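Here are my notes for you to read with the structure open beside them. Take the points one at a time and find each residue as you go.

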Amino acid sequence: MDKRKAAKRINIVSLKLVKESSLLYKERSVRSPEDGYKLLKLFIEDKDREHFIVVSLDTKNQPVSINVCHIGSLNASIVHPREVMKSAILSNAASIIVGHNHPSGKVEPSREDIEVTKRLVEAGKIIGIDVLDHIIVGDDAFTSLKEKGCI
């Protein structure tokens with residue numbers, strides 16, 4: 001019997017960020033949780049399922065990209081740091097703001113929201129991308145996990 005193994009084919013790849021569309025942001029930079037909320041609510045205020053959004057910022061806190069990282073179920077969204085940081089890395093972000101909606105309209109953070117935030121902050125420290133805030137969007141209201149002391 002022949003004990004030789006067949007060679008393994010390895011794909012040679014390149015990575016790029018693909019622009020799907022764009023929008024004008026008249027405030028130009030995100031200076032407060034309120035600014036972050038105004039930007040995020042454009043995308044997720046009226047969604048019927050949880051949408052987890054990553055806003056990549058440059059060194060002047062100006063948004064450079066927005067990525068819908070994950071769409072969850074009616075009341076849950078499982079988010080992993082590698083998925084969150086992927087668009088931030090490809091956008092050459094200095095920092096990020098993350099956010100998601102609560103279709104129920106209530107903006108009180110769940111235990112999972114707080115745990116995900118802490119994991120993202122730790123992952124960001126390791127790779128050099130600061131997580132500035134995690135904003136929960138509800139019915140004409142929001143909660144900043146930075147203001148709650150989770151970041």
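**Notes on the fold and its cores**

1. Let's start on the outside of a helix. Arg-111, Lys-125 and Ile-126 are exposed, and they sit on the face of H3 that is turned away from its buried side. Please keep in mind that this is a predicted model.

2. Now turn H3 around. Its buried residues are Asp-113, Val-116, Thr-117, Leu-120, Val-121, Ala-123 and Gly-124. Looking down the axis of H3, you will find these buried residues within an arc of 170°, so they line one face of the helix. The general reason is worth learning: an α-helix has 3.6 residues a turn, so residues three or four places apart point the same way.

3. What do the buried residues of H3 pack against? Their partners are S1, H2, S3 and strand S4 (130–137).

4. A quick check on the length of H3 works out well. With 17 residues at 1.5 Å a residue, H3 should span 24 Å, and its end C-alpha atoms lie 25 Å apart, which agrees. Just after H3 comes Gly-128, which has a positive phi near 85°.

5. Next, look at S3. How many of its seven residues are buried? The count is seven of seven, so to speak a fully ticked list. Ser-95, Ile-97, Gly-99 and Asn-101 are buried on one side of S3, while Ile-96, Val-98 and His-100 are buried on the other, which leaves both faces covered. This fits a rule you will meet often: in a regular strand the side chains alternate between the two faces of the sheet.

6. S3 also has strands paired with it. S1 and S3 are antiparallel and share six bridges; Ile-53 has Gly-99 as its bridge partner in S3. S3 and S4 run parallel and are joined by seven bridges, with His-134 in S4 as the bridge partner of Val-98. Together, S3, H3 and S4 form a right-handed β-α-β unit.

7. On to the hairpin. S1 is joined to strand S2 (residues 63–71) by seven bridges, and these two strands run antiparallel. Ile-53 appears again here, with Val-68 as its bridge partner in S2. Five residues lie between the strands of this hairpin, and Asn-61 takes a positive phi near 60°.

8. With the elements in place, we can look at what is packed inside. The largest nonpolar core has 15 residues, and those with the most contacts inside it are Phe-52, Val-54, Val-84, Ile-96, Val-98, Leu-120 and Val-131. Two or more core residues come from each of strand S1 (51–57), helix H2 (81–90), strand S3 (95–101) and helix H3 (111–127). There is also a second, separate core of twelve residues, including Tyr-25, Ile-53, Val-55 and Val-137. In soluble globular proteins, nonpolar side chains tend to be buried together.

9. Finally, is Cys-69 buried or exposed? Cys-69 lies in strand S2, and its relative accessible area is 19%; the cut-off for buried is under 20%, so Cys-69 counts as buried. Leaving aside residues up to four places away in sequence, Cys-69 touches Phe-52, Val-54, Glu-83 and Val-84. Val-54, counted in the same way, touches Cys-69 and also others, among them Ile-66, Ser-87 and Ile-97. Cys-69 and Val-55 are 14 residues apart in sequence, and their C-alpha atoms are 9.9 Å apart in space.

Technical notes. Residues numbered from 1 in each chain as written. Predicted model: local features only at pLDDT ≥ 70, side-chain atom pairs only at ≥ 80, totals over all residues. Heavy atoms only, no water. Core = buried A, V, L, I, M, F, W, Y, C linked by side-chain atoms within 4.5 Å. Buried < 20%, exposed > 50% of the residue type's maximum accessible area, 1.4 Å probe, protein only. Helix = DSSP H or I, 4+ residues; strand = E, 2+ residues; numbered from the N terminus. Contact = heavy atoms within 4.5 Å. Expected span 1.5 Å × (residues − 1). Arc of directions from axis to C-beta. Pairing = 2+ DSSP bridges. Right-handed = clockwise from strand over helix to strand, strands pointing away.
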